[in-house]
Amino acid sequence: MVLSVLFSSRLALMAGTPADRSPTYAEQVSRILQEHCVACHQPAGVGPFSLTNYPEAKAFAREIRLATQSRKEPPWFALPGYGEFRNQRQLTVEEIKTLGAWFDAGSPMGNQKDLPQEHKQSMWAYGPPDAILAVTEPYTVAASVGEDIRCFVMPTNLPGPKAIRAMDVRPGDPSVVYHVRAFADVTGLARRLDVQDRKSGFDCSLNMGSLFTQRLLGEWEAGMTFPPLTDGIGRYLPKGADVVLEIHYHQTYKTTSDRTKVALYFQPHVQQYVKTAAIVNRTIRVPAGRAGYRATAEWVSTGDIVAIGVSPHMHRLGTAMRIKASLPGGQMRDLVWVNRYDFRWQTSYMFKEPIPLAKGTIIRVEAFYDNSEQNLNLSPHHPLHESRWGNNLKDEMLAAFVEYVDLKSPRNVPAQQ
Ligand code: HEC
């Protein structure tokens, strides 16, 4: 009896099926880290330590298990089961188990021969761009404990209007650039603000709801892919417009210099331009000391539209936002539920499949704020005071931007502002 048990377990070991062999760095773990982590966890990335080789991964094996089991890492703030997204940054249950089992087995290296090929990093994500723009003057990012939101104006000088299909970004210093958005400005406002500020660009934290921030051209975030828009759909870049780059620098312990570049890809044949519905509530008043303050906003579609993505926006006190669509037939559909909002990651959630919303659909936004001492993001709010709507980052916002195309009016050029 004892013999036969020994014998069969020996057999299982020899057969070596994946189920009963512990995972190794060479075979499984390196691949998971390469796909989901090293974009940020590398010497020049926003992650606080590097995970690009075996000694580095082994040194953090316990933290990796903890942070992935709790779904703290990779950073992704939407609750699973409430919408599916093209730019999702999440591990599968299987991958989380593998990372845990690897730590439990003593974080073995395995066989060097199993290591994956190194990723070749091409210069631009989607091939040769149609236009490359660069911030003209390097910006000095000062060592600080808070974030710095800076805008830079880049003239386009293109011969006619364009439809943008995709955008890629090369940060000058990737360890401090968290999030980048590009907007079109035809008003000259951004140029005026730029002239008034002596340093390169201007302080965008004072202008969070300015005119030019209504016209999104593209978005980029460390370690995230925003796939190009599908054929025939583009974001409108008017002739003669400036491109305004809004860069979210996070805290840095060393003073550094950044000069970011952006690549634009045009849509050759455009049938529909993307429009944006700004769903806002400007009457919010978050009382001093209050955790769990709730406020709502609503928007009704006046035509048959197809939603392609949604972007929740609050400032530092925001903790959660849930966005739902009530369809005319009575059906309810979740667009996104960001259950632990983090101001640093101002992600747009791009739907895996476009969502048709018939005329009369009501989009309902429910937002939560914490203006109490428990909120660790509170630093600029001392002493505690009531916080209201405002363009300054020190004020609050309740906004959800829904990007959509309008089926009834194809090629409708978005109105000039
Ligand atoms: C988009 C960038 C990004 C990606 C992708 C990413 N991380 Fe991180 N990670 C960070 C940042 C930034 C921090 C520092 C903590 C913070 O600021 O939130 C961090 C912190 C950590 C920590 C420390 C956690 C703690 O409790 O302090 C661990 C462990 C970690 N990451 C592991 C991973 C693993 C494993 C992956 C891949 C599965 C991953 N990260 C993917 C950006 C990233």
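The legends below accompany close-up views of a predicted model.

**View 1. The shell of residues around the ligand.** In this predicted model, the ligand is surrounded by 20 residues, of which C37, C40, E73, P74 and G223 come nearest. Sorted by character, the residues of the shell comprise 12 that are nonpolar, 5 that are polar and 3 that are charged. Helix α4, spanning residues 61–69, supplies the largest share of the shell, with 4 residues.

**View 2. The open sheet of strands β15, β20, β17 and β18.** The 4 strands of this open sheet follow the order β15-β20-β17-β18, and their pairing is antiparallel. Strands β15 (291–300) and β18 (332–338) stand at the edges with a single partner strand each, so one side of each is left without a neighbour in the sheet. On average, and with direction ignored, neighbouring strands of this sheet are turned by 15 degrees against each other.

**View 3. Strand β20 and its pairing with β15 and β17.** Strand β20, which covers residues 362–370, is joined to β15 by 9 bridges, and the two strands run antiparallel. Within this pairing, A295 stands opposite A367 of β20, while T296 has E366 of β20 as its bridge partner. Strand β17 (residues 318–326) also pairs with β20 in the antiparallel sense, over 8 bridges, and here A325 stands opposite I363 of β20. As a general point for reading such a view, side chains in a regular strand alternate between the two faces of the sheet.

**View 4. Strand β4 and its two antiparallel partners.** Of the 9 residues in strand β4 (residues 162–170), 8 are buried, so the strand is largely enclosed by the rest of the structure. Strand β8 (residues 233–237) runs antiparallel to β4 and is joined to it by 3 bridges, with K162 standing opposite L237 of β8. Strand β11 (residues 261–266) likewise runs antiparallel to β4, the two being joined by 6 bridges, and in this pairing D168 stands opposite A263 of β11.

**View 5. The largest nonpolar core and the surroundings of V244.** The largest nonpolar core contains 97 residues, among which M167, L217, V244, L245, M321 and A400 touch the most other members. The largest share of this core, 6 residues, comes from strand β5, which spans residues 177–185. When residues up to four places away in sequence are not counted, V244 touches C151, V153, A182, F183, D185, A190 and F212.

**View 6. F343 in the loop between β18 and β19.** Residue F343 lies in the loop that runs between β18 and β19 (349–357). Because 16 other C-beta atoms lie within 10 Å, a count between the limit of 12 or fewer for an exposed residue and that of 20 or more for a buried one, F343 is partly exposed. With its neighbours within four places in sequence left aside, F343 is in contact with H315, R316, G318 and N377. Residues F343 and L229 are separated by 114 residues in sequence, and in space they lie 25 Å apart, C-alpha to C-alpha.

Methods. Residues are numbered from 1 along each chain as its sequence is written. This is a predicted model: local features need pLDDT of at least 70, side-chain atom pairs count only at pLDDT 80 or more; totals for chains, interfaces and linings use all residues. A residue is near a molecule or strand if its C-beta atom, placed from the backbone, lies within 6 Å of it. Ala, Val, Leu, Ile, Met, Phe, Trp, Tyr, Cys and Pro count as nonpolar, Asp, Glu, Lys and Arg as charged, and the others, Gly among them, as polar. Two strands pair if DSSP finds at least two bridges between them. Axes are lines fitted to C-alpha atoms, for helices over the stretch in contact, and angles run from 0 to 180 degrees between N-to-C directions. A nonpolar core is a set of buried Ala, Val, Leu, Ile, Met, Phe, Trp, Tyr and Cys residues joined through C-beta atoms within 7 Å. Two residues are in contact if their C-beta atoms, placed from the backbone, lie within 7 Å.
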